[in-house]
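Student: May we go through this structure together, beginning with its source?

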Amino acid sequence: MEENTQTVHAPDTKEDDQTILEIHDLKTYFHLDEGILKAVDGVDLTIKRGKTLGIVGESGSGKSVATKSILQIVDPPGKVEGEIKLKRSRKGKEEWIDIGKLNPTGEKIRDIRGAEISMIFQEPMKAFSSIHTIGNQITEAILIHSEVDQEEAKRIAIDFLIKVGMSNPEQRFDQYPHELSGGMRQRAMIAMALCCNPAILIADEPTTALDVTVQAQVLDLINHLKETLDTSVIFITHDLGVIAEMSDEVAVMYLGKVIEYTDVETLFYGALHPYTQALLKSIPSVAHTKGELDSIKGTVPIPMNLPKGCGFYSRCKYAVNGVCNVDDIPFTKVNDNHYVRCVRLDEIENRG
Amino acid sequence: MSVELGKEMEPMPLDEMKEEEKSVEVASQWKLMWWKFRKHKLALISAPILLMLFIIIVFAEFLSPHLPLERFTDYKYAPPTKIHFVDAEGNFSFRPFVYGMTQEIDSETFQRTFVEDTSQKYPIHFFVEGKPYKMWGLFEMKTHFIGVKDAGAPFFLTGTDSLGRDLLSRTFYGSRISISFALIGIVFTVIFGLILGGISGYFGGAVDTVIQRLIDLLLCIPAIPLWMALAAALPQSWSPLKIYFGMVLIFSIVGWTGLARVVRGKLLSLREEDFTMAARLAGASNMRIISKHLLPSFASYIIINVTISIPVTILGETSLSFLGLGLQSPVVSWGVLLQEAQKLENLAHHPWLLWPAVFIVVTVLMFNFIGDGLRDAADPYK
Amino acid sequence: MQHHNAVLEVQAMKKYFPIKKGFLKRTIGQVKAVDDVSFFIEQGETFGLVGESGCGKSTLGKSILRAIEPSDGSITFVNRKEEAVEVRDLDNKQLRDIRRDMQLIFQDPYSSLNPRMTVLNIIGEPLICNGIAKGEELKRRVGDLMDLVGLNRKHLERYPHAFSGGQRQRIGIARALATDPKFLVCDEAVSALDVSIQAQIINLLQSLQQKLNLSYLFISHDLGVIQHISDRVGVMYVGKMVEVAATDKLFSSPKHPYTEALLSAKPVPIPKQKRERIILKGEVANPANPPSGCYFHPRCLYAQDICKQQAPDFKEIEAGHFVACHMAKDLDLKGVKVQ
């Protein structure tokens, strides 16, 4: 693939120059023996400076693959298509670059990974090599992406270990990942992700493996750092409680598509898509009765050889034969900041 | 990725499904393994080739044109006989034939060469009557699969050795010895490996420590010198059959360690699986847990391990026999046959002496390919 | 039995795992996974057990069934003949018999089903092993169990790989119900499932409880699930039970600082709710090397000198409300609003 160095035109968001990442029609397909697995199938997302976009969905919804596609780190045989426009400042000038057009193994994209956009994972041991100290690995990351010397890099690294609330940062600097507890490892990974001052931090279920009390610490830390460093966050989780806590805006994903996109308040108080509504009602702690929970019948199908129409058709209680299963469902604008992928919106709104 | 998504598949009611889909839902471990194995093309090609080899082994007497010890004194170091369809006059015949051969001595170099004698024509027939032999040591038979009707005619498809014995026949008989050697060796290896690995993994504790240290000890001695030392310890006075079984035991004693480790490791991890605990809570006895849960779970790993060990044993036997420490003539094995090819001078003038090596290379490759395919298919639930 | 309506009573249960080191495997210490825990479960109730990873809640659950051999204490269980039996005194044959009355549902719907067996053999295993049914009778009974848990009985001959996570968990539940038990230990039975599937399984467990008059020990780290399903709740921290109370009581007015912190730490699906969140310092103590006195004191906001020196007793401070805290009566702790 040829390295595409040319910058692209800014997207049509005249009124809103806070947008720093705009994803349009992102598709990630896995060509398997059994057929084409459409893990991500036409996703549009906008990330604004200093805001958190929460992506919520069940396993198999494609939420994790979608964010991996942004950095072009999808496992083979995954193929990424679509526009991923990133605004970055180079030499005081702002320019737009389409990550989707870069060679996934090229130098350009490696320049973006870790520097402009960095990522934290559910399992910190995946991010760290077990044979180097935490300090070495963070310093290494700094040295790759900025022009500082070893001394300075170490200073920055320790500075970040302090920022993420590590006790005895000087001592932790020389420790190996396995010597740290789960929560401390997570903090070290956050330090490494943030040490190059990225514009966007992608957090892929960073607290799922943690205990509640430690999760509270880490969520608090991410929110605090986001505010002090002015970083945008893409936060992926299956936990609606965490979404409520962290997000400014939320995208609900189902079967590789965003089915509802709105601000966090509207999501919890005025969700329109039947799937979002059902999902909210199935959480035990917000269910109002002690009795039966509203569960969604059936399971998420595999996104392969799907029938036409709405992916939620087989499980939806509002589904109508001949209406929902005929054509692809358009992403309808309800108001300025609320989009829903459902054709029976009017009926549902009236009923709700 | 695909696996994670695959988990969420909802089975449709049986009656709504097509036949082939239905079979996936009810496919056993072995069926799933076969489907995965099928995707490994090299392994799939190897299987029929190995099957041919096994046919040769089973019917070696019948398929060989000659007897392994039969000497053609006129044809020492005869090169592979050429098969003709067109004779010297340019006449074409559907039945292939060979010409007779006469020896000539170069007056300057005193080298003996064979030239075709176009005056003698021997047509090739299937199912010809030849030297009598005992099929499987039981039935007196005279029919050979292929050959020429004239008993003295030169029909040596891969040439002859220093004593004028047909190399192809000897290689066929040799395959029987070499492969059966490996197979019997594997049987012993599996017995040792299963018992010792099983004890080590199931009981643990001090027994485990002792067995593991023993394995460590065996593994740190280089294999070939250990084989050589043990082989040299076999009494010279033993009959070839005794030597044969002695060698088999030597290989098993050295070779069980790898399998024992696999068995122990698998047992240790399976013992911790939730489904083993579930079986125990369901009231299953130790015997039932071992036979219904543990053994089926690692049977596939044993099969792979065995498939991979076969070529190792074949090569080991060949090396030892080649060095003169293993099987000895008159027993014919691939290693024994290759002894002839030890001298460089011999090889330079009679390259066909390497034919047994071709058999070895092909066999080992085929086993390795199949091993690869099985390894891919070993755990269809991953 | 002190509690006449109890199906199970655990007293002073301990499970210590030895830490072995070196070539000779000498014991150099002990992990006190479960340390002096007592509680009871009444007939037909759901007792929720909540705690963070490593607190010993799973070990406790499995020790009751003697799937893990407890080190000390007493487990009294009322079997189907309404006889109180000391589970720790049973020999292998009696143990097999009592396990017809008490069963376990596992967390992981993947590793808990042998992938090489058909559903018929998985669900039917307890029936086969106990000599209860075979042949056509086995098929009929397994089919009935599949109906009971919401699976299609036509799928008898299928293997686990043909089922989704939620359906596999239903298979696990059917297996546990095969011998018609009266008490089930649900060890994180819904933790591995997606939210929408989790709701299905919780509903199933609740309806089964009513239909079959089951008692549950429901182990989970998810406070939301615990709150929804439990009648009474026990909170564990580093091998010890720190608080036991009726669910509403525990959630609305906790008496142990750890319970308060747990409740406060749980993210609630209510956006931008400004709560006074208690963020604990540090992490869960290491059960191999716990702190002195009260194990929670290094993280506790209200710790006093006495907490460092002396381990608190597990006392009943109100009817049915047990707490292990020196300060229990003096503190005014915040709970969460109960809907």
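Tutor: The following turns cover a helix pair and a domain pair. This is a predicted model, in which local features need pLDDT of at least 70, side-chain atom pairs count only at pLDDT 80 or more, and totals for chains, interfaces and linings use all residues. Residues are numbered from 1 along each chain as its sequence is written, while chains are lettered from A and ligands numbered from 1 in the order in which they are written.

Student: At what angle do helix 3 and helix 14 of chain B cross?

Tutor: The axes of helix 3 (residues 29-38) and helix 14 (residues 355-377) of chain B cross at roughly 125° and come within 8 Å. Helices here are DSSP runs (H or I, at least four residues), numbered from the N terminus. Axes are lines fitted to C-alpha atoms over the stretch in contact, with angles from 0 to 180 degrees between N-to-C directions.

Student: Which residues make that contact?

Tutor: Helix 3 of chain B contributes B:Met33, B:Lys36 and B:Phe37, and helix 14 of chain B contributes B:Gly373, B:Leu374, B:Asp376 and B:Ala377. Contact requires C-beta atoms, placed from the backbone, to lie within 7 Å.

Student: Turning to chain A, how is it divided?

Tutor: Chain A has domain 1 (1-116 + 198-305) and domain 2 (128-197), with bounds from an automatic or database domain assignment. Their centres, taken over C-alpha atoms, are separated by 26 Å.

Student: How many residues does each domain give to the contact?

Tutor: Domain 1 of chain A gives 14 residues and domain 2 of chain A gives 14 residues. On the domain 1 side, helix 8 (residues 212-229) of chain A supplies the largest share, seven residues.

Definitions and conventions. Helices (H or I, at least four residues) and strands (E, at least two) are DSSP runs, numbered from the N terminus. Two residues are in contact if their C-beta atoms, placed from the backbone, lie within 7 Å.
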